[in-house]
Amino acid sequence: MSISRPTSIRRTAPREIRIEWDDGHVSEFPASLLREFCGCAKCVDEWTGVTRIAPGSIPVSVDVIECEHVGSYAVRFVFTDTHSDGIYSWQRLRRFCPCDGCRGEARARPDSKAEG
Ligand SMILES: [Zn+2]
Ligand SMILES: [Zn+2]
């Protein structure tokens, strides 16, 4: 199974990061959502893999200051709350894609009402 890779990662608006994938998919992440699913050792319990960040606890005012490629498999974001430890692999970014299609897949309900 091949892994989708981003062809473009851009900050298209304040607090909004847009990722275009090589399979044509587009993900639009609010910066606060990216911050929320940070997978660094401070944010995720390394033994259980459970996030320490309570859902909704990240202020929506959080923004991305900087985005830096890590090798050819991931990107690192620097946030306005000075957090910068999170490495976001392509797989992780795609897994957390907030679009309706991906969320629908995650639920995997055959009788899904999702349309369009
Ligand atoms: Zn973190
Ligand atoms: Zn998606």
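**A quick note on the two sheets and the core**

1. Let's start with the sheet made of β4, β5 and β6: three strands in the order β4-β5-β6, open, with antiparallel pairing. Strands here are DSSP runs of E with at least two residues, helices are runs of H or I with at least four, and both are numbered from the N terminus. Two strands pair if DSSP finds at least two bridges between them. At the edges sit β4 (64–70) and β6 (87–89), each pairing on one side only. From one strand to the next, the twist averages 30 degrees, with axes taken as lines fitted to C-alpha atoms (for helices, over the stretch in contact) and angles running from 0 to 180 degrees between N-to-C directions.

2. A word on what you're looking at: this is a predicted model, where local features need pLDDT of at least 70, side-chain atom pairs count only at pLDDT 80 or more, and totals for chains, interfaces and linings use all residues. Residues are numbered from 1 along each chain as its sequence is written, while chains are lettered from A and ligands numbered from 1 in the order in which they are written.

3. Back to β4: six bridges tie it to β5 (residues 74–79), and the two run antiparallel. Cysteine 67 faces phenylalanine 77 of β5 across this pairing.

4. The other open sheet has three strands too, in the order β1-β2-β3, again with antiparallel pairing. Its edge strands, β1 (6–13) and β3 (26–30), each have a single partner strand, so one side of each has no neighbour in the sheet. Neighbouring strands are turned by 20 degrees against each other on average, direction ignored. Six bridges join β1 to β2, and isoleucine 9 has isoleucine 19 in β2 as its bridge partner.

5. Overall, the protein chain has three helices and six strands, in the sequence pattern β-β-β-α-β-β-β-α-α. Buried residues (20 or more other C-beta atoms within 10 Å of their own; exposed means 12 or fewer, partly exposed in between; C-beta atoms placed from the backbone) make up 16% of its 116 residues.

6. Now the largest nonpolar core, a set of buried Ala, Val, Leu, Ile, Met, Phe, Trp, Tyr and Cys residues joined through C-beta atoms within 7 Å. Of its 13 residues, Ile17, Ala31, Leu34, Val64, Phe77, Phe79 and Tyr88 touch the most other members. β2 (16–21), α1 (31–36) and β5 each supply at least two residues, and β5 gives the largest share, three.
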